[in-house]
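Biologist: Hi! Could you walk me through this one? I'd like to start with how the chains meet.

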Amino acid sequence: MDLLPVVIFLQSILAATWRMATPILYAAVGEIFSERAGVLNIGLEGVMLIGAFAGYSVAYESGNLILGLLAAIASGILSGLIFSFFTITVKANQIVVGAAYNMIGMGITGVLYRVFYAESGRALSLKTFAPIEIPFLSQIPFLGEVLFKHNIMVYATLLLVPLATFVLYKTAFGLSIRSVGEHPKAADTVGINVNRTRYFAVIIATTLAAIGGAFLVLAYADQFVEGIVTGRGFIALAVVVFGGWSPWGAMGASLLFGIFYALQLRLQAMGNIMIPYQFLQALPYVVTVLVLIGLTKRRVQAPKALGVPYK
Amino acid sequence: MEDIIIRMVNIVKSFPGVQANRGVNLEVRRGEIHCLLGENGAGKTVLMSILYGLYKPDAGEIYYNGEKVEIRNPKDAINRRIGMVHQHFMLVPTITVAENIILGQYPSWKVLNDMPAVYEKIEKLSKDFDLDVDPSALVQDLSVGEQQRVEILKALYHGADLLILDEPTAVLTPQESEHLLGFLRQLADRGLTIVFITHKLEEVMQVSDRVTILRDGKAIATLNTKDTNPRELARLMVGRDVLMDLKKKEGQPGNVVFSVRNLRVTDERGLLAVKGVSLEVREREIVGIAGVSGNGQSELALALAGLIDCEFDEITLNSTPITKKDFARLNHMGMAHIPEDRQKMGLILPFSVSENFIAETYRDEPFSKRGFLQFRTINDYSKSLVEKFSIRCGDVEEEIANLSGGNQQKVVVARELDRRPKFLLVNQPTRGIDIGATEFVRQQILAERDAGAAILLISTDLEEIFALSDRILVMFEGKIMGEVPPDYSLIEQVGLMMAGKSAVHA
C-alpha cells in the first residue's frame, strides 16, 4: 500500500490544526482571566465579531494590517468597558448582559458590513499576514509544514500561553485575580479593590477575544462576512471549562478542536464523501465536546464567585 | 495616666432599617485583652469593622495612639498595625497559606519572586508563636482550627499591634478554644493588645482584663473583669435577669418511642464515622449525646434524619420498623429534626419567614388547596408562630437572611416543634446564638419533653447536655463509650470518656 497519500493527508490536517485553534485560544485565554476573577462573559462571540469587523474595516481602509489589529484591540477594550460597566458597576446579570452583547455584536457588524461593504461593489479582500517560514526548520519534512510555516498571529500564541500563566500565577495581579473570583470578601479585607480588579480582568478577556476575532480576517480568511466567528466564542467558553481554567489546559483543548476543524475542511474538500456538508461542519463542535467530556475525569472546580456580582 | 491605644468616641453607624451603633464609646489600653460582650445584633462586629476600615462611621471619632485618625479601608488599618480575625474566615481556599498572607500587600505589577523569603518569615513566626502553620499548604486542606491560626499569623505577619478577634471560639472544639485562649494570653504578655468579641460569659471571665458590654448599639459599661461576675455580665448584656439555671422537672420516661440497633455510617471520605451505635429514646425523655465535635455525631444525626446513606440492623419509630424507603417521609411519621447548621440545612435563606415556616407542610391542607397556596392562612399561621416564639423580625414577609442567628434558630425550632413531633432529633440547638435565645430554645425543648416527646439531643456543649438531658451517652470515634446520669459531679468522668476512656462505673 502506498503510504504517501496518507502522510500528505495527515500533514495537511495537522498543518491547519494550530491555525484553527488560534482564534479560540486567544478568546479562551482571555476568558480565563475574566472567569478567574469571577466574571462570566458569554458575550465572547459578540466581542469577537466586533473585533473582527473593526480589524477588517480599519485594515481595509488603511491598507495596514497592524492598524487593523490595533483597531481590534481598541474595540476589545471598549467591549470590556461596556460589559464591565453593566455587570460590575450596575451589577446586572452576567448571562443577560452577555447574551445581549452577542446580539449587539451580530447586529452592529451585520448592519455596518452591509452599509459599507456588501453592496459597494468594491473588491473586498485584503492581503493577510503572510506565513513566516522559519529558516531550516521549515525544511524538515512533515514537521516543517505542520509547525514552522505559520503567520505571526499563530506563532504569538506560543508567547501568549506562558505569559498568561506567568501573570496568573507569578504576579501580585494574578494572585488578586484568582482571589476575587474565589472569595472576593477576603480580597476586600486585605485592601484589594475587587471591582477594579474585575474590570481589568474583563478588559484583558475582551481584548484577547477581539484579537481572536481579528485573526479570522487578518490572518485567516481575507475578508469579513456576516457571522464570521461561527460559534468560536462559545467553543472558547467550553474550552475554558475543559481546560480547567488554566492557559495550558485551554491550549490543549483548543488544539483538539483545531484538529477536527481541519479534518472536516479536508473531508469537505474531498468532495466524493456522501455526507451532507452540514454534518461535517458540525463535526469539530460535536467531537470536541464529546472527547473533552470523556477526558475530564477529575473535575476542576469553577471559581466559587463566578457569576456573582460583589456586594 | 494609662496608655490608651484606641479611643472610639460617639461612634454612630446605621444601615437601612437598623441602627447598629448609636454613639458608642470605647477605650482600650495597650497590652490588655479587652472583651466586647453583647448579644447578637448588639453592634460589636460593626464597631470593630469600623475600626478595621470596612465601614465608614456616620459620625464619631477614632483616636489611635492618641492621634485622631480616619481609617478609610482595611489596607489603612493594616498599615496602622491593626489586624482582624473575622468570624467567617477571610482566606481564599484555593491558594496557599503564604499566598493568602501576602495577598493585597504588593502593587499589582510586582512579580512574586521573593516567595522563599516569605516562606522563611512565616516559618519563623510560626515557630516563635508555636502556631504550626505550613506556608505551602492550600487553605482548603486545612481544618477550621488551622485556618484560624493562619488568620492570626496573617495579622502577626503584617506586624499587628492590635488584634481584633470576632467570636473566634464559635467554630472551635472545646480543646481548641482552651488552647486559643491560652495563646491569646501569651500574645498579650508579649505586648499585643487584643480586642475579643464574644457573647460567651465564661470566655470573658477566663481571658479578659477588662470588658465592655454592648447592648442595642450602645456601650452599657466597661468593667474590670476581676471586679465582676457572670451574673452581673449577663444582666448587663440582656438588660434583665437571666435564668442561668433552667428549672427542670424530674423526667418520667414512658415507652420506647425510637430505637436504633447497630447503626453504621460511612462519611464522605469513605471512612466509618459511626461504628455500630445502638440507642433508644423514651417518651418524656431527653437523651443527650456528648462528645467533641467530629466524633461521628454529625453523621449520626444526618443518618437518623434519613439524609445520608447508612446501614443498620433495626430502627423503630413508635414500634414500627423503619426501612430505608421510609426515610423520605420520616417527618410524616412523627419525627422532627432541628439540624446542626440552620443556615445550610434548617432554612432557605433567600425565602421569607413565613415561607420557611411552611417549608415542610406547604403541600398539605390548610396551607395549600387544589394546588394553590392559601396566603391568608399561611400569613395568620406565621404570625401566630412569630408571637408564640417571640421571634424578632420586621414582618413575616421579611427575608430570613436578615434575621439574627438567634431569631433564625427560633424559626427552625418553631417550625419543628409546632408539628408536635413524637420523636425530636436536635443537633447543636444553641450554637452561635445569644444567651437570651439560648435560654428560650432550651426552655422550649424541655417543654416539649414534658408534653410527651422523646428527644435525642446532640451537643458539643457539655453545659447544655447536663442542663437538659435525662440520660447522657458519650460518643468517641463513632462509638458510644457509655452512659452517665446528668449529675454535675460526673462532669470530669464525662470529659475523660469524651477523650476515649471507657466508662468506669461507680
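Modeller: Happy to! Contact here means heavy atoms within 4.5 Å. With that, 19 residues of chain A are in contact with 25 residues of chain B. Bear in mind that this is a predicted model, where local features need pLDDT of at least 70, side-chain atom pairs count only at pLDDT 80 or more, and totals for chains, interfaces and linings use all residues. Residues are numbered from 1 along each chain as its sequence is written, chains are lettered from A and ligands numbered from 1 in the order in which they are written, and side-chain values use heavy atoms, with hydrogens and water left out.

Biologist: Got it. What area is buried between chain A and chain B?

Modeller: About 1800 Å², and carbon and sulfur atoms give 69% of that. Buried area is the accessible area (1.4 Å probe) that two parts lose on being put together, summed over both.

Biologist: Which three residues supply the most of what chain A buries against chain B?

Modeller: Leu175(A), Thr189(A) and Val190(A), which supply 33% of the area on the chain A side, more than any other three residues.

Biologist: How many salt bridges are there between chain A and chain B?

Modeller: The count is one. The term needs a side-chain nitrogen of Lys or Arg within 4 Å of a carboxyl oxygen of Asp or Glu. Here the side chains of Arg178(A) and Glu99(B) meet, at 3.3 Å from N to O.

Biologist: And which elements of chain A give two or more residues to that side?

Modeller: Helix H6 (152-170), helix H7 (172-182) and helix H8 (184-189) of chain A. H7(A) gives the largest share, seven residues. Helices (H or I, at least four residues) and strands (E, at least two) are DSSP runs, numbered from the N terminus.

Biologist: How do the residues on that side divide into nonpolar, polar and charged?

Modeller: Eight are nonpolar, six polar and five charged. In this scheme Ala, Val, Leu, Ile, Met, Phe, Trp, Tyr, Cys and Pro count as nonpolar, Asp, Glu, Lys and Arg as charged, and the others, Gly among them, as polar.

Biologist: Switching to sheets. What is the strand order in the open sheet of four strands in chain B?

Modeller: S2-S1-S4-S5, with antiparallel pairing. Two strands pair if DSSP finds at least two bridges between them. The edges are S2 and strand S5 (67-69) of chain B, each pairing on one side only.

Biologist: How many bridges hold S1(B) to S2(B)?

Modeller: Nine, between strand S1 (residues 4-15) and strand S2 (residues 18-29) of chain B. Ile6(B) stands opposite Val28(B), and Val12(B) has Arg22(B) as its bridge partner. On the S4 side, five bridges join S1(B) to strand S4 (residues 59-64) of chain B, with Met8(B) partnered by Ile62(B).

Biologist: Which helix lies across S1, S2 and S4 of chain B?

Modeller: Helix H1 (residues 44-51) of chain B, running at about 115 degrees to S1(B). Axes are lines fitted to C-alpha atoms, for helices over the stretch in contact, and angles run from 0 to 180 degrees between N-to-C directions.

Biologist: What about the open sheet of six strands?

Modeller: That one, also in chain B, has the order S16-S19-S20-S13-S21-S22 and mixed pairing. Strand S13 (residues 285-290) and strand S20 (residues 454-458) of chain B are parallel over five bridges, and Val287(B) is partnered by Leu456(B) in S20(B). Helix H13 (residues 405-418) of chain B packs on this sheet, touching S16 and S19 of chain B, at about 175 degrees to S16(B).
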